[in-house]
Amino acid sequence: MHVRIEMTYKTPKRTETHFTSDEMRAGQALLIAEDLEKTGRAKTITFIDRSERTWNTKELKQYMKGIETEPHNIIIYFDGGFDHDTKRSGLGCAIYYDQSGKSFRLRKNAQVDQLHSNNEAEYAALHFALKELELLGVHHLPVTVIGDSQVVINQLDGEWPCLEEELSNWADRIERKMKEMGIQPEYAVVSRKSNREADRLATQALQDIDITSTSEVN
């Protein structure tokens, strides 16, 4: 979870002012807040998340402790490929997350034959990744979603209209799934080079190479 810190600062001569920090991860915000409290001049400290919910220090610590043994700090990389000759699609996703003080990477791909375009395969790959998150038990958390499809990312982020019925149906499915799981998405478009792990998984799926693995990462 990402939060910003809002603080009322009081000088020894009782002059007060109000500060708001940049957004940061909740764990980092707690460390900074604890350091500010040591000065004895922080009159009030409040944390505000992306949904504008406010937390005090005790509440945020309890939340962080509660998610420690569950997957969190989640980043999804997704990619889909469509073979015009065979009409088959390859779906790939790489999911990075923290759990119980360790970091993990889940890699998964699949081949499907019900799709009709590369853009539809890209949408299907993200939906595929969300189902993997559901299997991990992820719920009510922010998730960073990264892909090289400007169409998918910009349409889901509301920057571009979604006029094609097939793509609109996929967008609706993804938004419903995210709502069911309580996921708060943060979207980012990257180059194909920066998304090569998911791209390779999608390509391997088209080559009939099945990948399913979870490994610890440093």
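Analyst: A residue is called buried when its relative accessible area is under 20%, exposed when that area is over 50%, and partly exposed in between. Keep in mind that this is a predicted model.

User: Thanks! Is Glu 197 buried, exposed or partly exposed?

Analyst: The relative accessibility of Glu 197 is 23%. Buried needs a value under 20% and exposed a value over 50%. Because 23% falls in between, Glu 197 counts as partly exposed.

User: Which residue meets the side chain of Glu 197 in a salt bridge?

Analyst: Let's look at where the partners sit. Glu 197 lies in helix α6 (residues 196–206) and its partner in strand β8 (residues 102–112), so the pair ties together parts that are 92 residues apart in sequence. The partner has 23% relative accessibility and counts as partly exposed. The two side chains meet at 2.8 Å, N to O, and the partner is Arg 105.

User: How far apart are the closest N and O atoms of Glu 23 and Arg 50?

Analyst: Glu 23 and Arg 50 form a salt bridge. The pair links distant parts of the chain, with Glu 23 in the loop between β2 (16–20) and β3 (24–25) and Arg 50 in the loop between β4 (42–49) and β5 (54–55). Glu 23 is partly exposed at 44%, and Arg 50 is partly exposed at 34%. For this salt bridge, the closest N and O atoms are apart by 2.7 Å.

User: Glu 180 and Lys 177 also form a salt bridge. Which helix do both lie in?

Analyst: The closest N and O atoms of Glu 180 and Lys 177 are 3.6 Å apart. Glu 180 counts as exposed at 57% relative accessibility, whereas Lys 177 counts as buried at 13%. They are 3 residues apart, about one turn of the helix, and both lie in helix α5.

User: How many salt bridges does a search of the whole structure find?

Analyst: Side chains of opposite charge can pair when their charged atoms come close. Some salt bridges form a network, which links Arg 4, Glu 6 and Glu 52. Across the whole structure, the number of salt bridges found is 11.

User: Now the inside! Which helix gives the most to the largest nonpolar core?

Analyst: This core has 52 residues, and Phe 47, Ile 76 and Leu 133 touch the most other members. Beyond its neighbours within four places in sequence, Ile 76 is in contact with residues including Leu 126, Leu 130 and Leu 133. With 9 residues (from the stretch 118–136), the helix that gives the most is α3.

Methods
Residues numbered from 1 in each chain as written. Predicted model: local features only at pLDDT ≥ 70, side-chain atom pairs only at ≥ 80, totals over all residues. Heavy atoms only, no water. Core = buried A, V, L, I, M, F, W, Y, C linked by side-chain atoms within 4.5 Å. Buried < 20%, exposed > 50% of the residue type's maximum accessible area, 1.4 Å probe, protein only. Helix = DSSP H or I, 4+ residues; strand = E, 2+ residues; numbered from the N terminus. Contact = heavy atoms within 4.5 Å. Salt bridge = Lys/Arg side-chain N within 4 Å of Asp/Glu carboxyl O.
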